[in-house]
Amino acid sequence: MLRVESASFAYSRRRVVNSVSLQVEPGRTCLVIGRNGSGKSSLLRLVAGLRAPTEGSVRWCGRETSAVAPAQRARFVAWVAQRSMLAIDVKVRDVIELGAVRGSSSASLEALLHELELEPLVDRRFHELSGGEQQRCIVARALRQHPNGGLLVLDEPISNLDPSEAIRVIEALRRRCQLGAVVIAAMHDLSIANQWADDVALLDAGSLMTFGPASQILQPTPLSSAFGCEFRSSSGSISLHLPRRA
Amino acid sequence: MRAVPSTPTTRAYSGSPILGSLSGRHTRLLAWGALFAALFAGVAARLLIGRDPSTGEWLFGIAEGEIVALRVGAVQSGAAAGAALGLSGLLLQALLRNPLASPFILGLSAGAGLGATLAAWLPIAAAGTAAVWIGPDALLPGTLGSVSVLLLVFVLGRRGGVLDPLTLVLAGTVIASMCGAVTLLVQSLMPPTSRGELWSWFMGQVPELPRTLPWWNTVVILVIVLCASSWKARALDVASTGDDEAESLGVAVGSLRLWLLVGASALAATSVALCGPIAFVGFMAPHMARALLGGLHGPLVPASALAGAAILIWSDAIRQGIDFGSGRLPIGVLTALVGGPLFLVMIRSARLRRGDWSC
């Protein structure tokens, strides 16, 4: 179980995460939603153990994630960055294989390639791929690291993907949840979030506005309050209301 | 959910950019064969080409007696210093995530040269005697000089909190110039009898009678860093992602960076102590290895050392035949004339402009 208790984080004097508390049970997907600069990425870095909270704690199965050495932490936490970088010129297969961490129960590479339909790309150079293809490779690398249980932390994992690729990635992550993993991800697409999330954390200026089941949080009132624009709900889906042209 | 294919496949080879059309195994064999062939051909060329030490006349062919010992000595010097420079360049490129990095371009060689020169001059200055230049044997001052320069470049090369490839190169160039100027100043303070030897060392040389201590320093440090880098090859691959990604994949970035800093600086310092500052070998060798063997560090670590040795031995063999009337062409001039244009091509390359390798 992921348990975040009164976690805060500051870059020098600027506090970017302010006393956030939330709890995610195994097998559930929690999406972190909020305006740009609301502290989503910083919160996810705390969850992944890449930063130590200045106050409070972040625990996975009772262990403080930031207190564990990277080699050990990599066996139970996988991270997908919003914008991945790679300074070596290698093939897609090699990029995904970077996720084969010693001591983790790595998924079969071939099964992963098949699951995310990466077989046609596997022998191409990573730098030659489109942004969406690269993002799928990075998600595959995280899944290679953590096939089943564990904590998957993803910062906008489907932001560059077309609808069919996004569905493929979400399906893969859902399968990991069915096997006991916790998925926590930041995203902006509320119509997909509405269908994907079990829990939603709504952030505003580093603070948690509200946290709970997606059906309660993804409603016009809390979203309008968080984003400062109008949302409408119809037959179970949520949509942004664009003002009419003058 | 679709069925998962049950047929296991072997791990494919990362791929050589210039031998890419062949199968993985054949490519790998060809690449290693080409590297070893280049090295052995260079050794053979250097053993066959030389100058008469007394008359300076150009000699070609199988030598005898004292001449053989001189040529073997030059091969020993070139192999040790070239391999150290090649590996140092690879480690710096990994440390800074920058394909333009090398000990010469970032000023490490100049820093090591300044440290070693100061260490040789200070006892002379303190004693107030016209002592004879004994050569920059001191390993510690050279390493301190190169580490100091690298730390300075590391700080100055940041723009907006991230390492910028071209700012790094500019910072390294400026610091190298300043170190060179101070080294020249120290040279002017040295006894006149010592200046000539210092000057030829400063231009880069592959000694035919390598001093025992610097040569063994280079070999021992090369073997230690080579073994440790091969052991850390996967960590080097992982560290080519961002810092957070590398940590999430199990690599302690801070301690790896410290290791790379010390390893690359020590290699640069030992090669400078042995041969003086030699331009661009540390830049060319990793790119030559990468072109043949792809980007993964497992093969790149030994291949960069091999390529560095081959480049320096070949350069030393070629310069034996180039004389503009004032003796053999200094080796640093030759490597700069070859490496400089390659460096400019890299700066202009589409890949660098796209920022694929930027930090």
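Below are worked exercises on a predicted model with chains A and B.

**Exercise 1. The contact between the chains**

Task: Find how many residues each chain brings to the contact, and which elements of chain A take part.

Solution.
- Step 1. Chain A brings 30 residues and chain B brings 27 residues.
- Step 2. Turn to the side of chain A that touches chain B. Four elements each supply at least two residues there: α2 (70–73), β6 (77–80), α3 (92–97) and α4 (109–115) of chain A.
- Step 3. Sort that side of chain A by residue class. There are 18 nonpolar, four polar and eight charged residues.

**Exercise 2. Chain B in outline**

Task: Describe chain B by its helices and strands, its burial and the sequence range of its contacts.

Solution.
- Step 1. Count the elements: chain B has 14 helices and four strands.
- Step 2. Take the burial. Of the 359 residues in chain B, 50% are buried.
- Step 3. Take the contacts in chain B between residues at least 6 apart in sequence. Of these, 77% join residues at least 24 apart.

**Exercise 3. The largest nonpolar core**

Task: Identify the residues with the most contacts inside the largest nonpolar core, then follow A:V32.

Solution.
- Step 1. The largest nonpolar core holds 176 residues.
- Step 2. The residues with the most contacts inside this core are A:L31, A:V32, A:V47, A:V153, A:I184, A:V200 and B:L87. Helix α2 (residues 65–96) of chain B gives the most to the core, with 15 residues.
- Step 3. Set aside residues up to four places away in sequence. A:V32 then touches A:K40, A:L43, A:L44, A:I184, A:A185, A:A186, A:A201 and A:L203. One of these partners, A:I184, is also on the list of residues with the most contacts inside the core.

**Exercise 4. A helix pair in chain B**

Task: Work out how α2(B) packs against helix α10 (residues 253–275) of chain B.

Solution.
- Step 1. Start with the geometry. The two helices pack at an angle of about 150 degrees, and their axes are 8 Å apart.
- Step 2. Classify the angle. Over 145 degrees counts as roughly antiparallel, so α2(B) is roughly antiparallel to α10(B).
- Step 3. Add the handedness: α2(B) passes α10(B) in a left-handed crossing.
- Step 4. Look at the residues that meet. From α2(B) they include B:A80, B:A84, B:L87 and B:L91. From α10(B) they include B:R257, B:L260, B:A264 and B:L267.
- Step 5. Sort the residues of this contact: 16 nonpolar, five polar and one charged.

**Exercise 5. A proline in a loop**

Task: Is A:P53 buried or exposed? Place A:P53 in chain A and list its contacts.

Solution.
- Step 1. A:P53 lies in the loop between α1 (40–47) and β4 (55–60) of chain A.
- Step 2. Count the neighbours. The cut-off for buried is 20 or more other C-beta atoms within 10 Å. A:P53 has 23, so A:P53 is buried.
- Step 3. Leave aside neighbours within four places in sequence. A:P53 is in contact with A:A7, A:S8, A:F9, A:L46 and A:V58.
- Step 4. Take A:L218 for distance. A:P53 and A:L218 are 165 residues apart in sequence and 28 Å apart in space, C-alpha to C-alpha.

**Exercise 6. Positive phi outside glycine**

Task: Place A:S19 and A:A205, and give the phi and exposure of each.

Solution.
- Step 1. A:S19 is in strand β2 (residues 14–24) of chain A. Its phi is near 45 degrees, a positive value in a residue other than glycine.
- Step 2. A:S19 has 15 other C-beta atoms within 10 Å, so A:S19 is partly exposed.
- Step 3. A:A205 sits in the loop between β9 (199–204) and β10 (207–213) of chain A. A:A205 is not a glycine, yet its phi is positive, about 50 degrees.
- Step 4. A:A205 has 14 C-beta neighbours inside 10 Å and therefore counts as partly exposed.

Conventions:
Residues numbered from 1 in each chain as written. Chains lettered and ligands numbered in written order. Predicted model: local features only at pLDDT ≥ 70, side-chain atom pairs only at ≥ 80, totals over all residues. Contact = placed C-beta atoms within 7 Å. Nonpolar A, V, L, I, M, F, W, Y, C, P; charged D, E, K, R; others polar. Core = buried A, V, L, I, M, F, W, Y, C linked by C-beta atoms within 7 Å. Buried ≥ 20, exposed ≤ 12 C-beta atoms within 10 Å, placed from the backbone. Axes fitted to C-alpha atoms, helices over the stretch in contact; angles between N-to-C directions. Parallel < 35°, antiparallel > 145°, perpendicular 65-115°, else oblique. Left-handed = near helix turned anticlockwise from the far one by under 90°.
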